[in-house]
Amino acid sequence: MDISLRVMNESKETSFDFLVVGKYYTAYGIILAHGHPYFLIGTNNVLPMWIPGTIFIVLDSRFPDGWGFVSAQLPGRYGALSEIGVSCVIGYEQLVEDFDHYIGVVERDESSISVFMRSKKLIDRWWDQNFTK
């Protein structure tokens with residue numbers, strides 16, 4: 001990966017090897033950090049992780065049903081994210097309404113990953129019904 005694409009603590013050791021050039025990926029959440037989008041990508045074989053949006057081409061700009069937004073610039077628990085450059089989170093209900101869930105996904109907490117996987121199935125079903133490649 002080109003060093004200019006690294007904007008949020010990625011290093012030479014950060015691996016995106018599971019990504020395949022030319023493959024379609026679904027974003028399960030979006031954050032804006034340091035003015036750059038990051039997509040929450042997870043597959044059936046890879047736990048979810050935030051990946052710089054600069055390495056993707058967005059094919060459809062719609063959001064699935066039930067998605068929401070939370071600002072990290074306002075007081076509240078999500079405000080802690082502003083300390084690491086995150087200005088907002090967009091995604092499925094639990095990701096934007098339950099800060100403990102958000103942190104659990106990042107830290108790969110078993111319970112949070114279980115909720116993520118259930119949300120992933122709903123989002124995948126929505127895209128199957130609403131996206132034509």
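The largest pocket in this predicted model has a volume of about 1100 Å³. Its lining is made up of 33 residues, and those closest to the centre of the pocket are Y24, Y25, T26, A27 and F56. Two elements, β2 and α3, each give two or more residues to this lining, and the largest share, four residues, comes from α3. In general terms, empty space of this kind is revealed by rolling a probe the size of a water molecule over the atoms.

The strand β2, which contributes to the pocket lining, also belongs to an open sheet of five strands, arranged in the order β3-β2-β1-β5-β4 with antiparallel pairing. The edges of this sheet are formed by β3 and by β4, the latter spanning residues 68-71, and each of these two strands pairs on one side only. From one strand to the next, the twist averages 25°. Strands of a sheet pair through backbone hydrogen bonds, in either a parallel or an antiparallel sense.

Within the sheet, β1 is paired with β5 through five bridges, the two strands running antiparallel, and with β2 through four bridges, again in the antiparallel sense. Residue L32 illustrates both pairings, since this residue stands opposite C88 in β5 and opposite P37 in β2. The connection between β1 and β2 is a hairpin with two residues between the strands, and H34, located in the turn, has a positive phi of about 55°. Four of the five residues of β1 are buried, which leaves this strand mostly covered. Towards the other edge of the sheet order, β4 and β5 are joined by four bridges in the antiparallel sense, and among the paired positions G68 has G91 in β5 as its bridge partner.

The largest nonpolar core comprises 32 residues, of which I31, L40, L81, V89, Y92 and Y102 have the most contacts inside it. Two or more core residues are given by each of the strands β1 (29-33), β2 (36-41), β3 (49-52) and β5 (86-91), and likewise by each of the helices α1 (93-97), α2 (99-106) and α3 (110-130). Nonpolar side chains tend to be buried together in soluble globular proteins. The surroundings of Y102 give a local view of this core: with neighbours within four places in sequence left aside, Y102 is in contact with I31, W50, Y78, L81, V89 and L95.

Two further residues were examined individually, one in a helix and one in a loop. Residue S112 lies in helix α3, and its relative accessible area is 8%, so S112 is classed as buried. When residues up to four places away in sequence are not counted, S112 touches D100, H101, G104 and V105.

By contrast with this helical position, R62 is found in the loop between β3 and β4. Because its relative accessibility is 37%, a value that falls between the limits of 20% and 50%, R62 counts as partly exposed. Leaving out residues up to four places away in sequence, R62 touches W126, W127, N130 and F131. For one of these partners the separation can be stated explicitly, as R62 and N130 are 68 residues apart in sequence and 9.7 Å apart in space, from C-alpha to C-alpha.

Conventions:
Residues are numbered from 1 along each chain as its sequence is written. This is a predicted model: local features need pLDDT of at least 70, side-chain atom pairs count only at pLDDT 80 or more; totals for chains, interfaces and linings use all residues. Side-chain values use heavy atoms; hydrogens and water are left out. A nonpolar core is a set of buried Ala, Val, Leu, Ile, Met, Phe, Trp, Tyr and Cys residues joined through side-chain atoms within 4.5 Å. Buried means under 20% relative accessible area, exposed over 50%, partly exposed in between (1.4 Å probe, protein chains only). Contact means heavy atoms within 4.5 Å. Two strands pair if DSSP finds at least two bridges between them. Axes are lines fitted to C-alpha atoms, for helices over the stretch in contact, and angles run from 0 to 180 degrees between N-to-C directions. On a 1 Å grid over the protein atoms alone, a cavity is a set of points where a 1.4 Å probe fits but cannot get out, and a pocket is an open set with protein on both sides within 12 Å along at least five of seven lines; lining residues have an atom within 4 Å of a point. Grid points are joined across faces, edges and corners, and a volume is the space filled by probe spheres set on the points.
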